[in-house]
Amino acid sequence: MKNKLIVFTDLDGTLLDYYTYSYKYSRKGMDLLRRFDIPLIFCTSKSYAEVVYFREKTGNESPFIVENGGAVYIPEKQFKKLKRFQGSHRSLPFKSSEGYVAIELGTDYRTLRHVFEQMKKKFGNGITGFGDMSDQEVASYLNLQLDLAAMAKDRRHDEPFIIKKESLLDGIKQFSMKHGLKVYAGTRFYHLMGNTDKGKAVKVLASIYRETVTGIITAGIGEGKNDEPMFREVDLPYLVEKPDGKHIDISMDNIVKINEIGPEGFTLAVEELLKKEGFSYGI
């Protein structure tokens with residue numbers, strides 16, 4: 001009997017093309033996972049609104065993780081089946097939200113912006129956050145449609161920001177630590193966030209599945225430095241190439257480096273994962 005697989009994936013630069021946000025070349029990988037009823041869990045720095053949008057576009061119905069582990073969202077119908085988990089994890093901050101049960105692990109956005117405003121006063125014009133930018137500015141910076149830029153700005157647990165002078169980074173990190181927060185480097189932005197990351201959120205969600213389904217094996221697919229906490233929590237980590245055709249520098253004995261970029265790498269990682277776990281499929 002095969003183990004039950006669960007796959008966590010980054011979006012930007014992995015499932016989605018870094019420049020165009022297309023999932024044309026990751027579609028095959030998604031279809032293969034769907035064929036075997038393997039949950040594909042988006043684990044991303046994107047906002048709740050953005051992830052809901054891409055779930056609908058790709059037909060994804062699994063739980064998901066937003067804003068670098070800021071919150072986990074589980075569809076209410078799926079959550080109702082997790083009676084054992086509900087009984088043994090009462091301390092988690094479960095919250096009903098728009099058809100999902102949310103587990104909010106990160107600091108709320110209002111608090112982040114309050115600290116960020118203080119940070120701006122200290123470091124002057126050296127930093128600019130999403131909360132300082134218009135929809136049009138975000139759209140231009142990220143090559144997004146205006147409606148998607150508005151979704152990207154709708155933050156709940158994470159403030160993406162730009163540092164204009166890298167020499168400021170150490171001081172910004174120290175300032176955030178004094179306020180009980182941390183700064184994390186993402187693919188395009190730095191992120192001001194609370195005491196969470198993708199790995200902590202993956203650990204919580206994987207524990208839900210493991211207390212409900214026996215024989216769970218977790219896999220993770222990503223390309224960026226902010227995916228490293230996710231890689232360290234899953235059983236089978238897969239690292240795809242960044243847009244420049246290189247892998248990030250990461251020291252893990254069990255990580256599998258995929259020699260393809262972004263969505264093509266995602267599909268190749270899925271194919272290698274399925275073969276490794278004994279799933280057979282035709283062309």
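**Packing around Phe64 and the overall fold**

Beyond its neighbours within four places in sequence, phenylalanine 64 is in contact with Ile41, Phe42, Tyr48, Val51, Val52, Arg55, Ala71, Val72, Tyr73 and Tyr100. This set of partners comes from a predicted model, and it makes a handy starting point for a tour of the interior.

Phe64 belongs to the largest nonpolar core, which has 47 residues. Together with Leu15, Phe64 has the most contacts inside this core. Among the secondary-structure elements, helix α11, spanning residues 262-276, gives the most to the core, contributing five residues. A second core, of 26 residues, is separate and includes Val101, Val234, Leu239 and Ile250. In soluble globular proteins, nonpolar side chains tend to be buried together.

Stepping back to the whole chain, the model contains 11 helices and 13 strands. Its radius of gyration is 19 Å, and a compact globule of 283 residues would be expected to come out near 19 Å, so the two agree. Along the principal axes, the C-alpha atoms fill a box of roughly 60 × 45 × 40 Å. Of the 283 residues, 55% are buried. The contacts reach far along the sequence: counting those between residues at least 6 apart, 62% join residues at least 24 apart.

The surface can be described in similar terms. About 13200 Å² of the chain is exposed, and carbon and sulfur atoms supply 49% of that area. As for charge, the chain carries 42 positive and 39 negative charges. The mean positions of these two groups are 3 Å apart.

Two loop residues deserve a friendly word for their backbone geometry. Aspartate 37 sits in the loop between α1 (27-35) and β2 (40-43). Its phi is near 55 degrees, a positive value in a residue other than glycine. Aspartate 37 counts as exposed because its relative accessibility is 57%, where the cut-off for exposed is over 50%. Glutamate 98 is the other case, placed in the loop that links β5 (94-97) and β6 (100-104). For glutamate 98, too, phi is positive and near 55 degrees, again in a residue other than glycine. With a relative accessibility of 53%, glutamate 98 therefore counts as exposed.

The β6 strand that follows Glu98 covers residues 100-104, and this range brings the account back to its beginning, with Tyr100 among the contacts of Phe64 and Val101 a member of the second core.

Definitions and conventions: Residues numbered from 1 in each chain as written. Predicted model: local features only at pLDDT ≥ 70, side-chain atom pairs only at ≥ 80, totals over all residues. Heavy atoms only, no water. Helix = DSSP H or I, 4+ residues; strand = E, 2+ residues; numbered from the N terminus. Rg over C-alpha atoms; globule rule 2.2 N^0.38 Å. Buried < 20%, exposed > 50% of the residue type's maximum accessible area, 1.4 Å probe, protein only. Contact = heavy atoms within 4.5 Å. Areas by Shrake-Rupley, 256 points an atom, 1.4 Å probe, with all protein chains shown as cover. Lys, Arg positive; Asp, Glu negative; His and termini not counted. Charge placed at Lys NZ, Arg CZ, Asp CG, Glu CD. Core = buried A, V, L, I, M, F, W, Y, C linked by side-chain atoms within 4.5 Å.
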